[in-house]
Amino acid sequence: MKGIFVIADGLGGRPTDLNGNTCLEAAETPYLDALATRGALGLVDPIGPGIRPGSDTAHLSLLGYDPFKVYTGRGVFECLGMGMDVQAGDICFRANFASVESSAEGLRLLDRRAGRISEGQNELEDALRALSVPGAEIEFLASTQHRGALRIRGEGLSRFIGETDPHEVGTVLLASRPTQDVPGADKTADIVNQMTQQSFEILRDLPLNKKRVAAGQLPANVLLVRGAANCPVLPSIESVIGARGAVIAGGALYRGVAEACGMDYIPVQGATGGLDTNIKAKAAAILRTLEDYDYVFCHLKGTDNAGHDKNAADKKAFIERMDSELFKVLIERVDWGRTHLAFTGDHCTPIDYGDHTVDPVPVLFVGPNIPRDPGTTFGERVAGQGGLGRFSGRVLPMLLGYCNWAPKFGS
Ligand code: ZN
Ligand code: ZN
């Protein structure tokens with residue numbers, strides 16, 4: 001049997017989203033409702049009741065891991081998600097281009113996102129290949145807009161160091177400092193500080209930045225890093241459960257988490273990790289990939305982006321597009337006699353709050369081994385009455401369990 005696990009990031013909402021309805025409840029979703037009619041609903045606390053999830057920790061938990069035991073920080077998933085080689089001992093960061101100016105106190109922050117730079121990232125990435133700090137091998141890759149990932153490789157490094165992003169425009173960049181008194185933290189913070197200064201020296205006079213300034217744009221003239229992490233020790237899902245999986249995701253973070261759990265990455269043209277992602281192409285990729293794997297994990301990010309932007313119309317429209325471009329295709333094309341589907345979010349991102357909240361998320365299971373609920377729509381309130389009840393994390397192991405993959409605990 002085959003499994004399909006779909007996560008819409010930040011899917012859940014609150015009655016304050018749209019006049020008493022959540023975006024999911026307000027959205028016209030005939031295909032999701034048809035699946036709900038054929039399946040069972042419940043509410044999942046992505047990590048546990050009362051724990052406000054980050055996307056990375058929530059994904060680890062939904063995939064079957066205990067994030068309190070295995071999570072080391074976000075940076076490593078960003079690096080893995082960019083396709084970088086990450087080895088034990090490496091320290092990884094989320095990195096981003098920012099705009100700064102020299103001042104007597106240090107580099108003063110003008111913009112944390114370099115004016116949301118939208119082109120020229122390759123030129124910046126090329127220039128930063130010159131980064132060189134004694135005792136460290138540095139690799140930086142640009143991803144979308146101002147974002148990127150940075151890996152530092154060297155002897156005796158530590159992830160227990162602070163970030164360089166002051167988060168407040170007009171203040172000077174922070175010097176990275178050890179956050180714990182552990183071996184290697186001083187050395188690693190020192191490398192990061194040298195790297196930061198060097199990135200400014202490399203980038204400030206780049207033709208791209210001269211052009212940007214001449215055009216009245218902010219220069220992308222420094223690299224900020226945060227989320228220091230080393231490679232977590234994760235037994236692969238295949239080694240624990242036996243099933244071979246693949247991931248379809250536009251966002252580097254999600255690809256990175258899934259790859260850290262042992263899934264293979266399936267690139268999809270037009271998968272952007274945003275509201276404009278090509279959902280049809282992802283649906284086609286799920287069907288293709290299922291032929292070669294026991295399960296497919298597909299991540300969609302648009303719902304969370306709209307939630308952070310406090311844009312109910314966009315969130316509702318993205319849910320409706322998932323319905324007509326993904327779930328319609330799955331209903332029509334999947335062999336439902338031998339396939340199970342689980343659909344949920346990794347947390348709620350309500351419109352009014354504009355960030356992740358502790359509320360549980362509706363979850364839907366469909367397949368030949370799932371007992372049917374009376375519910376005929378998919379939304380927060382009806383999921384609260386569903387037969388699956390309310391549980392914490394582990395949606396993928398549950399899905400694979402329905403596909404008869406679960407190993408027995410005890411004899
Ligand atoms: Zn998320
Ligand atoms: Zn989010």
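Buried means under 20% relative accessible area, exposed means over 50%, and partly exposed is in between, with a 1.4 Å probe and protein chains only. By this rule F97, at 0% relative accessibility, is buried.

The model is predicted: local features need pLDDT of at least 70, side-chain atom pairs count only at pLDDT 80 or more, and totals for chains, interfaces and linings use all residues. Residues are numbered from 1 along each chain as its sequence is written, chains are lettered from A and ligands numbered from 1 in the order in which they are written, and side-chain values use heavy atoms, with hydrogens and water left out.

**Exercise 1. An aromatic pair**

Task: Describe how the rings of F97 and F140 are placed, and state which parts of the chain the pair ties together.

Solution.
Step 1. A pair of aromatic rings is described by the distance of the centres and the angle of the planes.
Step 2. Rings of Phe, Tyr and Trp (its six-membered ring) pair if their centres lie within 6.5 Å; planes under 30 degrees apart are stacked, over 60 edge-to-face, and the rest tilted. The count by this rule is six aromatic pairs.
Step 3. For F97 and F140 the centres are 5.5 Å apart and the planes stand at 70 degrees, so the pair is edge-to-face.
Step 4. Helices (H or I, at least four residues) and strands (E, at least two) are DSSP runs, numbered from the N terminus. F97 lies in strand β3 (residues 91-103) and F140 in strand β5 (residues 137-142), so the pair ties together parts that are 43 residues apart in sequence.
Step 5. F140 is buried at 5% relative accessibility.
Step 6. Elsewhere, F327, F343 and F378 form one aromatic cluster.

**Exercise 2. A zinc site**

Task: Which residues coordinate the zinc ion (ligand 1), and how are these donor residues spaced in sequence?

Solution.
Step 1. Donors are N, O and S atoms within 2.8 Å of the metal (3.2 Å for Na, K and Ca); water is not among the atoms, so sites may look incomplete.
Step 2. The zinc ion (ligand 1) is coordinated by D9 through OD, listed twice, by S55 through OG, by D346 through OD and by H347 through NE2, at 1.9 to 2.8 Å.
Step 3. The spacing of the donor residues is D-x45-S-x290-D-H.
Step 4. S55 lies in helix α3 (residues 55-62) and H347 in the loop between β11 (339-344) and β12 (361-366), so the pair ties together parts that are 292 residues apart in sequence.
Step 5. S55 is buried at 6% relative accessible area, and H347 is buried at 0%.
Step 6. The zinc ion (ligand 1) and the zinc ion (ligand 2) are separated by 4.4 Å.

**Exercise 3. Two helices that cross**

Task: At what angle do the axes of helix α2 and helix α13 cross, and which residues meet?

Solution.
Step 1. Axes are lines fitted to C-alpha atoms, for helices over the stretch in contact, and angles run from 0 to 180 degrees between N-to-C directions.
Step 2. The axes of α2 (residues 30-38) and α13 (residues 312-333) come within 8 Å and cross at roughly 40 degrees.
Step 3. Angles under 35 degrees are roughly parallel, over 145 roughly antiparallel, 65 to 115 roughly perpendicular, and the rest oblique. α2 is therefore oblique to α13.
Step 4. Contact means heavy atoms within 4.5 Å. From α2, P30, Y31, L32, A34, L35 and R38 meet D323, S324, F327, K328 and I331 of α13.

**Exercise 4. A helix and a strand residue**

Task: Is helix α10 largely enclosed or not, and what does V247 touch?

Solution.
Step 1. In helix α10 (residues 252-260), eight of the nine residues are buried, so the helix is largely enclosed by the rest of the structure.
Step 2. These buried residues pack against α3, α5 (75-81), β8, β9 (264-265) and β10 (295-300).
Step 3. V247 is in strand β8 (residues 245-248) and is buried, at 0% relative accessible area.
Step 4. Leaving aside residues up to four places away in sequence, V247 touches Y254, R255, A258, M263, D264, Y265, I266 and F297.
Step 5. Just after α10, G262 takes a positive phi of about 100 degrees.

**Exercise 5. Positive phi outside glycine**

Task: Where is N19 found, and is N19 buried or exposed?

Solution.
Step 1. N19, a residue other than glycine, has a positive phi near 50 degrees.
Step 2. N19 is found in the loop between β1 (2-8) and α1 (23-26).
Step 3. At 79% relative accessibility, N19 is exposed.
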